[in-house]
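Colleague: I am new to this structure and should be grateful for a close look at a single part of it. Please take one residue and work outward from there.

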Amino acid sequence: MLSINPKMLPRLDELEEDLLARRERAVAEDWRGEIDGLDLTLTFLRSKREQARRFERTEPVSLGLPKVPHQNPQLTEG
């Protein structure tokens, strides 16, 4: 699953503007299949933008470091 970096939000806005312009043309030309495809793409784009905004608002979670139990070195006589 592709995650969007919040720094890319302005680019997503540009892409949405372009898609909306293409959709207007598709409506004017009566390209029904194109309209459906653009609507689907716009839905995905808006979903990804919301996901990026949610990530932007959350703080990183510290998972800590795993603890390794102390092991006594084994002495071998030889």
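Modeller: A helix, as the word is used here, is a DSSP run of H or I with at least four residues, numbered from the N terminus. The model is a predicted one. Arg49 is the residue I propose to examine, and it lies in helix α2, which covers residues 32–57.

Is Arg49 buried or exposed? A residue counts as buried when its relative accessible area is under 20%. Arg49 has a relative accessibility of 9%, and it therefore counts as buried. Leaving aside residues up to four places away in sequence, Arg49 touches Leu9, Leu12, Asp13 and Glu16.

The helix that holds Arg49 may be described next. α2 consists of 26 residues, and the distance from its first C-alpha to its last is 38 Å, close to the 38 Å expected at 1.5 Å a residue. Arg49 shares its buried state with Ile35, Leu38, Leu42, Leu45, Gln51 and Ala52 of α2. These buried residues of α2 pack against α1.

That leads to the partner helix. α1 runs over residues 9–29, has 21 residues and spans 30 Å from first C-alpha to last, close to the 30 Å expected at 1.5 Å a residue. Its buried residues are Leu9, Leu12, Glu16, Leu19 and Ala26. They lie on the same side of α1, because the arc they cover around the axis is only 85 degrees. A general point on helix geometry applies: an α-helix has 3.6 residues a turn, so residues three or four places apart point the same way. Among what covers the buried residues of α1 is α2. Leu9, Leu12 and Glu16, which are buried in α1, also appear among the residues that Arg49 touches.

The face of α1 turned away from the buried side carries Pro10, Glu17, Glu24 and Ala28, which are exposed. After α1 comes Asp30, with a positive phi near 60 degrees.

Finally, the protein chain as a whole gives the setting. The chain contains two helices and zero strands. It has 78 residues, of which 17% count as buried. Among contacts in the chain with a separation of 6 or more, 63% come from residues 24 or more positions apart. The accessible surface of the chain is about 7100 Å², and carbon and sulfur atoms account for 54% of that surface.

Note on methods. Residues numbered from 1 in each chain as written. Predicted model: local features only at pLDDT ≥ 70, side-chain atom pairs only at ≥ 80, totals over all residues. Heavy atoms only, no water. Buried < 20%, exposed > 50% of the residue type's maximum accessible area, 1.4 Å probe, protein only. Contact = heavy atoms within 4.5 Å. Expected span 1.5 Å × (residues − 1). Arc of directions from axis to C-beta. Areas by Shrake-Rupley, 256 points an atom, 1.4 Å probe, with all protein chains shown as cover.
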